[in-house]
Amino acid sequence: MADISVKIAGIELGSCIFNAAGPKDVTLKELEAIGASRSAAIAMKSCTKEPREGNEEPRYCALESGSINSMGLPNLGYKEYMKFPALLKSFGKPVIASVSGLCLEDNIQMLKAFSDSEVSAIELNLSCPNIKGKPQIGYDFVQMDEVLKEALKISKKPAGVKLPPYFDFVHFEEAAGILKRRKPAFISCINSIGNALVIDAEKEATVIRPKGGFGGLGGKYIKYTALANVRKFYELIDIPIIGVGGVSSGRDAFEFILAGASAVQIGTAFMEEGPSVFARVQDELASFMARKGYSRLDDFRGKLKVI
Ligand code: RRO
């Protein structure tokens with residue numbers, strides 16, 4: 001059987017596949033279900049200083065080949081998530097906090113707190129598209145540089161950054177320049193493609209309610225954009241990349257690793273299929289590698305050929 005384990009930022013992962021921050025990871029019960037599954041880590045919902053209800057319902061809709069969401073950062077507040085690693089210890093896997101403060105001070109305060117907690121790593125989410133009146137920091141390079149400068153130096157734990165999708169080579173280079181300077185322990189790309197609009201023609205209406213129906217697009221629709229982001233950053237910077245966006249099979253995971261990802265997260269497919277998705281995708285990846293004659297991820301990571 002192929003070995004699909006990996007070490008990222010000093011953290012040993014039994015496999016390269018785990019849950020993306022976001023779906024089904026708000027409550028302790030949901031996190032326990034991830035712990036009991038074959039997800040290699042337990043990524044927790046992005047949190048804020050204070051608990052949040054999130055946006056009005058309906059705020060998630062499964063689509064033919066993906067999903068749209070405008071959850072609006074519903075979470076229990078960071079103090080609850082600080083308690084969870086101890087409660088999830090029996091699963092014996094890394095617990096990853098995701099921090100999405102509404103201002104720089106909140107991000108600093110939460111990073112400090114998680115840094116002294118039992119989490120294995122922290123993902124700083126600079127790319128939530130669904131907060132009314134709050135632009136995605138990852139699209140404001142001045143602010144992104146400032147946040148990373150202040151926030152990353154605080155954490156004693158490996159701290160990475162969750163990026164929005166970029167679409168222009170000039171923007172990739174600008175973002176890469178900041179990442180080279182601020183040196184996060186890893187990057188996760190991509191978040192959902194922000195502010196898509198899905199319309200139900202029969203009802204002549206949007207499929208979600210918040211923000212006039214605009215929301216983050218996820219799932220298969222965004223796989224090629226996610227692969228492009230992984231590949232571009234692999235070319236531009238020497239920082240481990242966690243690929244996320246449209247992974248629902250072992251073959252998808254293989255493509256992300258071939259593009260340069262060190263690990264792969266699953267969002268929409270986990271939301272739709274439940275925790276068994278992790279075992280299925282891992283087994284499919286190992287079989288696909290065996291068929292190709294690869295015994296470990298390093299055999300093909302980043303080795304994409306351009307025809
Ligand atoms: O909660 C959300 O609406 C949300 C977040 Br924080 C995020 O980072 N990405 C997303 O698609 N939804």
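Accessible area here is the area found by the Shrake-Rupley method with a 1.4 Å probe. On that basis, the protein in this predicted model exposes about 13,300 Å². Carbon and sulfur atoms supply 53% of that exposed area. Turning from the surface to the inside, buried residues account for 58% of the 307 residues.

As for overall build, the secondary structure adds up to nine helices and 16 strands. The radius of gyration is 18 Å, and the globule rule gives 19 Å for 307 residues; the two values are close, so the protein is as compact as a globular protein of that length. Measuring sticks laid along the principal axes would read about 50 × 50 × 45 Å for the C-alpha trace. The chain also brings far-apart stretches together: among contacts between residues at least 6 apart in sequence, 73% join residues at least 24 apart. Then there is charge. The protein carries 39 positive and 36 negative side chains, and the centres of these two sets sit 4 Å apart.

Next come the cysteines. A disulfide is a covalent bond between the sulfur atoms of two cysteines. The structure has zero of them. Cys16 is in no disulfide, and its nearest cysteine sulfur, which belongs to Cys189, is 15 Å away. Cys189 is likewise in no disulfide, with the sulfur of Cys16 as its nearest cysteine sulfur, at 15 Å. A disulfide needs the two sulfur atoms within 2.5 Å, so at 15 Å Cys16 and Cys189 do not make one. How buried or exposed is Cys16? Cys16 has a relative accessibility of 0%, and therefore counts as buried. Cys189 is buried too, with a relative accessible area of 0%.

Some spots in the backbone deserve a second look. Most residues other than glycine have a negative phi, and most peptide bonds are trans. Cys189 turns up again here, since the peptide bond from Cys189 to Ile190 is cis, with omega near 25 degrees. Ile190 itself lies in the loop between β10 (187–189) and β11 (193–197). Another cis peptide bond joins Glu57 and Pro58, where omega is about -5 degrees. Pro58 is in a loop as well, the one that runs between β4 (42–47) and β5 (60–63).

Phi has its own oddities. Leu73 is not a glycine, yet it has a positive phi of about 65 degrees. Leu73 belongs to the loop between β6 (66–69) and α2 (78–87), and at 3% relative accessibility it counts as buried. Lys183 is another residue other than glycine with a positive phi, in this case near 50 degrees. The loop between α5 (169–182) and β10 is where Lys183 is found. Is Lys183 buried or exposed? With a relative accessible area of 62%, Lys183 is exposed; the cut-off for that label is over 50%.

Three more residues help to show how the chain is arranged. Ile96 is part of strand β7 (residues 95–99). Its relative accessible area is 12%, so Ile96 is buried, given that buried means under 20%. Which residues does Ile96 touch, leaving aside those up to four places away in sequence? The list is Phe18, Ala41, Ile42, Ala43, Met44, Ala121 and Glu123. Ile96 and Pro158 are 62 residues apart along the chain, and their C-alpha atoms are separated by 9.8 Å.

Ala226 sits in helix α6 (residues 223–236) and is buried, with a relative accessible area of 0%. Leaving aside residues up to four places away in sequence, Ala226 touches Ile190, Val244, Gly245 and Phe256. Ile190 is thus a familiar name, as it also takes part in the cis peptide bond with Cys189. Between Ala226 and Ala36 there are 28 Å, C-alpha to C-alpha, and the pair is 190 residues apart in sequence.

Gly177, finally, has its place in helix α5. At 28% relative accessibility, Gly177 counts as partly exposed. Gly177 and Ile237 are 60 residues apart along the chain, while 8.5 Å separates their C-alpha atoms.

Definitions and conventions. Residues are numbered from 1 along each chain as its sequence is written. This is a predicted model: local features need pLDDT of at least 70, side-chain atom pairs count only at pLDDT 80 or more; totals for chains, interfaces and linings use all residues. Side-chain values use heavy atoms; hydrogens and water are left out. Helices (H or I, at least four residues) and strands (E, at least two) are DSSP runs, numbered from the N terminus. The radius of gyration is taken over C-alpha atoms; the globule rule is 2.2 Å times the number of residues to the power 0.38. Buried means under 20% relative accessible area, exposed over 50%, partly exposed in between (1.4 Å probe, protein chains only). Contact means heavy atoms within 4.5 Å. Lys and Arg count as positive and Asp and Glu as negative; His and the chain ends are not counted. The place of a charge is taken as NZ of Lys, CZ of Arg, CG of Asp or CD of Glu.
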